Amino acid sequence: MLCRDKRKVRCVEDVCGLTAVCNPVRERCEILSNSSFDSTTCRGVGLDELVVFQCRQCNAVLGDSLQLCRGGEQLGAVSCIRVTDEVVCEDCLVIDYEGPLNGCSYHVLHCRSCTMKVGFSLFSAFASVAHLRELFCFLKQNISCYILKTKTTVPASDLNFDISSLQEDIDKLKQRLVKAHNSMELLTQRLEELIISRTEAA
Amino acid sequence: MAGELSTVGPEHIPMVFLCCGCGMVLADSCGLVGNELQDEVALFSAVSSNVSVGTEQKLSKTSTDFGCLFEELTCRGCSKIIGRIYRCTPKVLDFKRDLFCLDIDSIESYVLGSAEQQIISEKEAPISLESRAALQQEIEKIKTVLSALETNLSVTEAKLSSFEKKS
Ligand SMILES: [Zn+2]
Ligand SMILES: [Zn+2]
């Protein structure tokens with residue numbers, strides 16, 4: 001279990017320097033004393049949407065759903081803006097000549113602890129997947145997910161990570177604004193007519 | 001109006017607790033009750049399905065929890081003993097009864113949102129679930145203001161109509 005030891009050492013360095021031996025969890029638990037455990041949201045995200053992504057082979061934590069973004073589903077992937085240092089993004093570029101990434105070039109992502117390939121990061125891509133460039137895409141079949149709501153670990157392929165767009169909400173808002181604007185115009189018009197008829201009467 | 005929508009008090013810092021041995025998630029902050037630094041345990045009201053509760057009740061003979069009956073908690077991933085659940089306690093240890101006590105030395109933690117590796121520039125980055133939530137909150141605020149505006153408009157409209165009738 002070399003990988004676990006490595007992580008421990010890093011925590012010690014980060015938290016209290018190399019001189020003191022400390023337990024990372026205890027450090028964190030103290031921070032938590034000012035956290036509200038009852039709250040049903042964190043940073044506005046519902047607790048039911050919180051998921052931790054782990055390497056399917058060695059369980060190294062690769063990322064979480066707070067950094068999840070749209071569009072990975074079409075490639076059978078989970079796309080994230082930020083990931084943990086357990087994810088190694090290889091420098092060299094790979095070009096596929098078959099499959100869904102045919103013609104695209106990308107960096108392979110692998111797990112630092114067990115070296116298994118966990119995904120890819122697109123460098124050049126066709127229009128249909130261009131929005132995924134420079135994001136981290138985890139292959140669903142290679143990662144597992146811990147869901148905070150159900151307290152279970154499931155294969156990522158069991159879950160759907162389609163995030164609904166806010167476009168519909170914004171469109172509705174726009175319509176209401178336009179309507180309010182029109183009513184305002186109409187009101188102003190009526191008011192002006194009223195003023196004119198009053199001055200004429202006087 | 002803004003005050004009503006923003007969350008009051010401390011925010012929930014979501015985190016998961018992983019088995020030191022195999023990395024399986026054993027518990028998360030949603031079930032966390034507190035921690036007992038003297039005993040080096042973290043207390044949970046609920047743990048993940050990766051934790052297995054022993055079927056056999058054992059009697060503690062150590063000085064700190066003498067006379068307690070407990071069941072052992074093990075990790076389903078690696079079978080390591082990771083803590084206890086006390087079923088029968090003396091008065092001073094009642095706060096632990098029926099809670100999952102995970103040994104701090106057996107768990108590691110990860111705070112959600114703490115990942116830092118990023119390639120895409122902040123300016124070009126698409127909306128994440130987190131930033132989407134912030135946007136959604138802003139949309140809700142705009143909706144509230146808009147509703148007030150719409151009410152005002154219809155009140156004004158009604159007033160004007162009655163005034164038009166009079167004149
Ligand atoms: Zn791995
Ligand atoms: Zn384990």
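**Notes on a two-chain model with two zinc sites**

1. Chain A and chain B bury about 6800 Å² between them, with carbon and sulfur atoms giving 62% of that area. Please keep in mind as you read on that this is a predicted model. The contact draws on 74 residues from chain A and 75 residues from chain B.

2. For the charged part of this interface, the count between chain A and chain B is four salt bridges. One you may like to display is the pair A:Arg82 and B:Glu122, whose closest N and O atoms are 3.9 Å apart. The cut-off for a salt bridge is 4 Å, so this pair counts as one.

3. Now to the metal in chain A. The zinc ion (ligand 1) has four protein donors, the SG atoms of A:Cys55, A:Cys58, A:Cys111 and A:Cys114, at 2.2 to 2.3 Å. Angles among these four donor atoms run from 99 to 117 degrees, and the site is tetrahedral. For reference, the ideal angle for four tetrahedral donors is 109.5 degrees. Along the chain, the donors of the zinc ion (ligand 1) are spaced C-x2-C-x52-C-x2-C.

4. A word on solvent exposure at that site. A:Cys55 counts as buried because its relative accessibility is 0%. A:Cys58 has a relative accessibility of 13% and counts as buried too, because the limit is under 20%.

5. Chain B supplies the donors for the other ion. The zinc ion (ligand 2) is coordinated through SG atoms by B:Cys19, B:Cys22, B:Cys75 and B:Cys78, at 2.3 to 2.4 Å. Its four donor atoms subtend angles of 96 to 117 degrees, and therefore the arrangement is tetrahedral. In sequence, the donor residues of the zinc ion (ligand 2) follow the spacing C-x2-C-x52-C-x2-C. Within this set, B:Cys19 and B:Cys75 link distant parts of the chain: B:Cys19 sits in strand β1 (residues 15–19) of chain B and B:Cys75 in strand β6 (residues 69–75) of chain B, 56 residues apart. Are these two cysteines, B:Cys19 and B:Cys75, buried or exposed? Both B:Cys19 and B:Cys75 are buried.

6. Last, the domain layout of chain B. This chain is divided into domain 1, covering 5–111, and domain 2, covering 127–167. If you plan to look at the two domains of chain B separately, note that their centres, taken over C-alpha atoms, are separated by 49 Å.

Conventions
Residues numbered from 1 in each chain as written. Chains lettered and ligands numbered in written order. Predicted model: local features only at pLDDT ≥ 70, side-chain atom pairs only at ≥ 80, totals over all residues. Heavy atoms only, no water. Donors = N, O, S within 2.8 Å, 3.2 Å for Na, K, Ca; no water. Tetrahedral: all angles 85-135°; square planar, octahedral: opposite > 155°, others 65-115°. Helix = DSSP H or I, 4+ residues; strand = E, 2+ residues; numbered from the N terminus. Buried < 20%, exposed > 50% of the residue type's maximum accessible area, 1.4 Å probe, protein only. Domains from an automatic or database assignment. Contact = heavy atoms within 4.5 Å. Buried area = accessible area lost by both parts, 1.4 Å probe. Salt bridge = Lys/Arg side-chain N within 4 Å of Asp/Glu carboxyl O.
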